[in-house]
Amino acid sequence: MITGDRLAASTAAGSRARGNTVDLEGIVHRYGGLKAVDDVSLNIEAGEIAALLGPSGCGKTTLLRVIAGFVRQSAGRVLVDGRSIDDLPANRRNVGIVFQNYALFPHMTVAENVAYGLAARGIGRAARAPLVDRFLDVVQLKALKDRLPKQISGGQQQRVALARALAVEPSVLLLDEPFSALDKGLRLDMQIEIKRLQRQFGLTAILVTHDQEEAMSVADRIAVMHKGRVEQYDTPSAVYDRPATPFVNSFIGTTNLLPGRVIGREGGSALIELDAGAVLAVPVEASIAHGMRVQVSARPEHLELHATAAPDRLPVQVGLVVPLGPTAVLDLRMRDGAGIKLSDRRTDSLPAVGAALHCGFRADARPSVFPLATN
Amino acid sequence: MGRRMSVADISYVLAIGGLATVALTILVGPVVIVLLTSFGDSQSLKFPPPGLTTKWYEALFDASQSRQIHRAAGNTLWVAGCATAGAILFGTLAALGLARSRSRLARIADTAFMSPLVLPGLAFGLAALMYFTFLGLRPSLELIMLGHAVVIVPFVLRTASASLSQLDPALLESSASLGASWLYTLRRVTLPIIAPGIVAGGFLAFIASMDNVPVSLFLAGPRSDMLPIRLWGMMESTLDVRVAAVSGIMVASVLGLMLIMERLVGLTRRMRD
Ligand SMILES: Nc1ncnc2c1ncn2[C@@H]1O[C@H](COP(=O)(O)OP(=O)(O)OP(=O)(O)O)[C@@H](O)[C@H]1O
Ligand SMILES: [Mg+2]
């Protein structure tokens, strides 16, 4: 039995990366006049988790449904291991999917749910039973195998949905907001669990989410989507540290956007005079030209406070100090009254509210600069 | 903390309560009267009965005295059973075919299948008789079955469609992504989940066939006596108390069946959908 051998191989310690590559080439999907997915191309390496991250309505689910074969794209190709699967119906694609509401079959027990895909492939009862047991073991649910879905908790239902999808050994695992129905503690557990299983089976997985922390912690690479397009596809740290567009910059993490003007340009860096009263030298893209109005993005953790003034520091007044666990967030007022956020490791020497100080970039900070739309 | 009821509240409660009482009296009253009459020891249908007896039920179950009633009852049950089976098959297929289709043709077909529910039964009976005669078919039990099946399909179609519309499409998509064919999904997911709806519709359809008069009236041949028509004939000629006894048995069995259905498939919930 092929399935049994593959399972044995994949559960053996250290086996990994038998997953498949997934390539999307110029996928477009229209609903009537609306372009829900607009020319998306992504390459997902074997054994990687890619996250589709973006605000509601940006086309994440639609893209997933195209890959699963539930809708036919208007244009573009889906390749698994280099072969097009566009002409295969959903039931021949071997793509596993876990829905947000888990979509367990309500009239079947946990074990029957897990066995479903195997039975649909014509694997006999006797051959199924040990496989079902193994996968129930993998998600630690053997004790509940005879319960109905409505008799188990949300987190347990999700494990069943996972086991059901994994049992047929899909070439790709699709997860559509799988954690959003779980409370926070359980969510973290399940994120770790999914990552563990994905590693264990060497699966290629695509995770849809609109929660950037979730994407950061689970995914190897993140595709940030906006209005049907992928604005950036990169590792979590690159997306965070070097956002490609203002949208990515403001969608990932929190940031302060400081308007200013380029007053000097030399090599790869520019001299920028901020409206709030400081002059910075920052590395910039070639598209940033002399005299341009720009926006400098300053992450709260890239800023620090000084007692003394300097040309590259903004004069500020401390407005509010909010201790948040190990860090403290400071709300500062700039000269023009606009607010700016700064986060700092919590020490005993937090500045007093109302103190007049000077705010500058940390030495290791690399602020992003985007052209400001002129009006 | 008791809240003072305003005049409007009180009149509302009175109006609703009054209406409910009237409705219940009109509904339950006749049933009670028929039941009491069927145990009465007068020679003809009479209320209130002078004394109580079970002799009419004994006469009803006696094969030599009530042969014709037995035959009519047998015909009625047989027709209702076959017509219901046909309606379940056709209604379920139609519901599956029409589900989630928004095409004009589907809307028109849906309306056509539902039309027997609003079409006057007499008109349909007459039309069916003329149509079958035109086709060269003689009135018979089989024609009654066919006629009944058409008239009771809407019950199954409605409840099956309601169940289908509540079926989570993600279940079907999950099934497909797990490798199941369309047919396998139908057998293991769709049908088991909508089965209670189909059973509820089938029950209503069965009852509707049992007491259908107009279609039977037009399509009945000399050898296809149906129970409601025979009862009517007995009423007209003799005021036979066995009519009340038959009614009593029908009321009792329908009530019993309804209780079972309510337990099994939540009948009233499905009728509201
Ligand atoms: N079946 C459909 N028919 C028409 N328009 C649709 C359909 N499904 C989605 N859309 C539209 O396509 C766009 C993308 O929808 P999609 O469900 O892919 O978004 P999403 O990124 O998954 O959002 P969310 O985070 O809210 O789930 C939306 O504008 C949505 O209104
Ligand atoms: Mg979605």
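A polar contact here is a pair of N or O atoms within 3.5 Å of each other; inside the protein, one of the two has to be able to donate a hydrogen and the other to accept it, and residues adjacent in sequence count only if both atoms are side-chain atoms. Keep that in mind for the close-ups below, which come from a predicted model.

**View 1. Ligand 1 and the oxygen atoms that meet chain A.** A polar side-chain atom of Ser56(A) sits 2.5 Å from an oxygen atom of ligand 1. Cys58(A) joins in through its backbone, with an N or O atom 3.2 Å from an oxygen atom of the ligand. Gly59(A) uses its backbone as well: one of its polar backbone atoms is 3.0 Å from an oxygen atom of ligand 1. How much of ligand 1 does the protein bury? On its own the ligand exposes 640 Å², and the protein buries 58% of that.

**View 2. The shell around ligand 1.** Stepping back a little, we find the ligand surrounded by residues of chain A, among them Tyr31(A), Leu34(A), Lys60(A), Thr61(A), Thr62(A), Glu177(A) and His210(A). Which elements each supply at least two residues of this shell? They are β2 (34-44) and α2 (60-68) of chain A. The biggest giver is α2(A), with three residues. Sorted by type, the shell has four nonpolar, six polar and two charged residues.

**View 3. Where chain A meets chain B.** This contact draws 22 residues from chain A and 18 residues from chain B. The two chains bury about 1700 Å² between them, and carbon and sulfur atoms give 61% of that area. Which residues of chain A lose the most area to chain B? Asn91(A), His107(A) and Tyr116(A) do, and together they make up 31% of what that side buries.

**View 4. The salt bridge across the interface.** Between chain A and chain B the count is one salt bridge. Its partners are Arg65(A) and Glu173(B), whose closest N and O atoms are 2.6 Å apart. The interface also has seven residue pairs in polar contact. On the chain A side, β6 (95-98), α3 (110-120) and α5 (154-167) each bring at least two residues to the surface that touches chain B. The largest share, four residues, comes from α3(A). By type, the chain A side splits into 15 nonpolar, four polar and three charged residues.

**View 5. A salt bridge inside chain A.** Over all chains, the whole structure holds 21 salt bridges. One of them is between the side chains of Arg77(A) and Glu25(A), at 3.2 Å from N to O. Why look at this pair? Arg77(A) belongs to strand β4 (residues 75-80) and Glu25(A) to strand β1 (residues 22-31), so the bridge ties together parts of chain A that are 52 residues apart in sequence.

**View 6. Two backbone oddities, one in each chain.** As a rule, most residues other than glycine have a negative phi, and most peptide bonds are trans. In chain A, look at Tyr102(A), whose phi is near 70°, a positive value in a residue that isn't glycine. Tyr102(A) sits in the loop between β6 and α3 of chain A. In chain B, look at the cis peptide bond joining Phe47(B) and Pro48(B), with omega at about -5°. Pro48(B) is also a loop residue, between α1 (7-38) and α2 (55-61) of chain B.

**View 7. Chain B, helix after helix.** How many helices and strands does chain B have? The tally is twelve helices and zero strands. Measuring along the principal axes, its C-alpha atoms fill a box of roughly 75 × 70 × 30 Å.

How values were computed: Residues are numbered from 1 along each chain as its sequence is written. Chains are lettered from A and ligands numbered from 1 in the order in which they are written. This is a predicted model: local features need pLDDT of at least 70, side-chain atom pairs count only at pLDDT 80 or more; totals for chains, interfaces and linings use all residues. Side-chain values use heavy atoms; hydrogens and water are left out. Contact means heavy atoms within 4.5 Å. Buried area is the accessible area (1.4 Å probe) that two parts lose on being put together, summed over both. A salt bridge is a side-chain nitrogen of Lys or Arg within 4 Å of a carboxyl oxygen of Asp or Glu. Ala, Val, Leu, Ile, Met, Phe, Trp, Tyr, Cys and Pro count as nonpolar, Asp, Glu, Lys and Arg as charged, and the others, Gly among them, as polar. A residue is near a molecule or strand if one of its heavy atoms lies within 4 Å of it. Accessible areas come from the Shrake-Rupley method with a 1.4 Å probe; for residues, only the protein chains shown count as cover.
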